[in-house]
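Student: Hi, have you got a few minutes to go through a structure with me? I'd like to get a feel for how the pieces fit together.
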Amino acid sequence: MKANKVRSTDIELKDKLVTLNRVTKVTKGGRTFSFSAVVVVGNEDGIVGHGLGKAKEVVEAISKGVDDAKKNLIRVPVVRGTVPHAQKGKYSGARVFIRPASNGTGVIAGGAMRAVLESAGIKDILAKSQGSSNPHNVVKATIDALSQLRDAVTVAHDRGVSLDKVFNG
């Protein structure tokens, strides 16, 4: 189990629908429709997760996606409303780049990335999605980039040095 994984108990999570896809299966009896939903949940205070739900009904697909997202929560270091450092993330064909921004910049990101970053509670960030624009992969690449972030306290602890030595090098 990764160090930044979180359990969903006792956390007030808000969910956002990233994408809803209607899938058609053609049989000899006609067409059968089903839905798949990519959902992002977060407490807007450093905890975020993503999930995929599939069902015959839209509402059921979304609720399944929320349940799946609650099983995939991670903790993200948020420093003064932005990320501590620039980071790249990758999943399949999607590549993302996130960079800290000064106060008041806002979330400069595309649709799928924006949902993840806002759910994590990041207020100011510069983000770029490169490669595939598939929402499934962009969400997973963004989560990958966020999971690789480390704040100064964690870096100092990992290196076994004091906090001011991390900055003064």
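Student: How many residues does helix 1 have, and what span does it reach from its first C-alpha to its last?
Tutor: Happy to help! Keep in mind that this is a predicted model. Helix 1, residues 58–70, has 13 residues and reaches 19 Å, close to the 18 Å expected at 1.5 Å a residue.

Student: Which residues of helix 1 are buried?
Tutor: Those are A61, G65, V66 and A69. They lie on the same side of helix 1, because they cover an arc of only 140° around the axis.

Student: And what covers them?
Tutor: The cover of these buried residues includes strand 2 (14–27), strand 3 (30–42), strand 4 (47–55) and strand 5 (73–75).

Student: Let's switch to the sheet. What is the order of its strands?
Tutor: The sheet is open, with five strands in the order 1-5-4-3-2, and the pairing is antiparallel. Strand 1 (5–6) and strand 2 stand at the edges with a single partner strand each, so each has one side without a neighbour in the sheet.

Student: Over how many bridges do strand 2 and strand 3 pair?
Tutor: They pair over 13 bridges, in the antiparallel sense. In that pairing, T27 stands opposite G30 of strand 3.

Student: Where do the helices come in? Which strands does helix 1 touch?
Tutor: Helix 1 packs on the sheet and touches strand 2, strand 3, strand 4 and strand 5. Its direction makes about 140° with that of strand 4. Helix 3, residues 135–147, lies across strand 2, strand 3, strand 4 and strand 5 too, and runs at about 155° to strand 4.

Student: I'm curious about one serine. Is S36 buried or exposed?
Tutor: S36, which sits in strand 3, is buried, with a relative accessible area of 9%. That falls under the 20% cut-off for buried.

Student: What is S36 in contact with?
Tutor: Leaving aside neighbours within four places in sequence, S36 is in contact with T19, L20, N21, L52, G53 and K54.

Student: New topic: where does D151 lie?
Tutor: D151 is in the loop between helix 3 and helix 4 (152–159). This residue is partly exposed, with a relative accessible area of 23%.

Student: What does D151 touch?
Tutor: Not counting residues up to four places away in sequence, D151 touches P77 and P84. There is also a polar contact of 2.4 Å between the side chains of D151 and T154.

Student: And how are D151 and A112 placed?
Tutor: They are 39 residues apart along the chain, and their C-alpha atoms are separated by 24 Å.

Terms used:
Residues numbered from 1 in each chain as written. Predicted model: local features only at pLDDT ≥ 70, side-chain atom pairs only at ≥ 80, totals over all residues. Heavy atoms only, no water. Helix = DSSP H or I, 4+ residues; strand = E, 2+ residues; numbered from the N terminus. Expected span 1.5 Å × (residues − 1). Buried < 20%, exposed > 50% of the residue type's maximum accessible area, 1.4 Å probe, protein only. Arc of directions from axis to C-beta. Contact = heavy atoms within 4.5 Å. Pairing = 2+ DSSP bridges. Axes fitted to C-alpha atoms, helices over the stretch in contact; angles between N-to-C directions. Polar contact = N/O pair within 3.5 Å; in protein donor to acceptor, adjacent residues only side chain to side chain.
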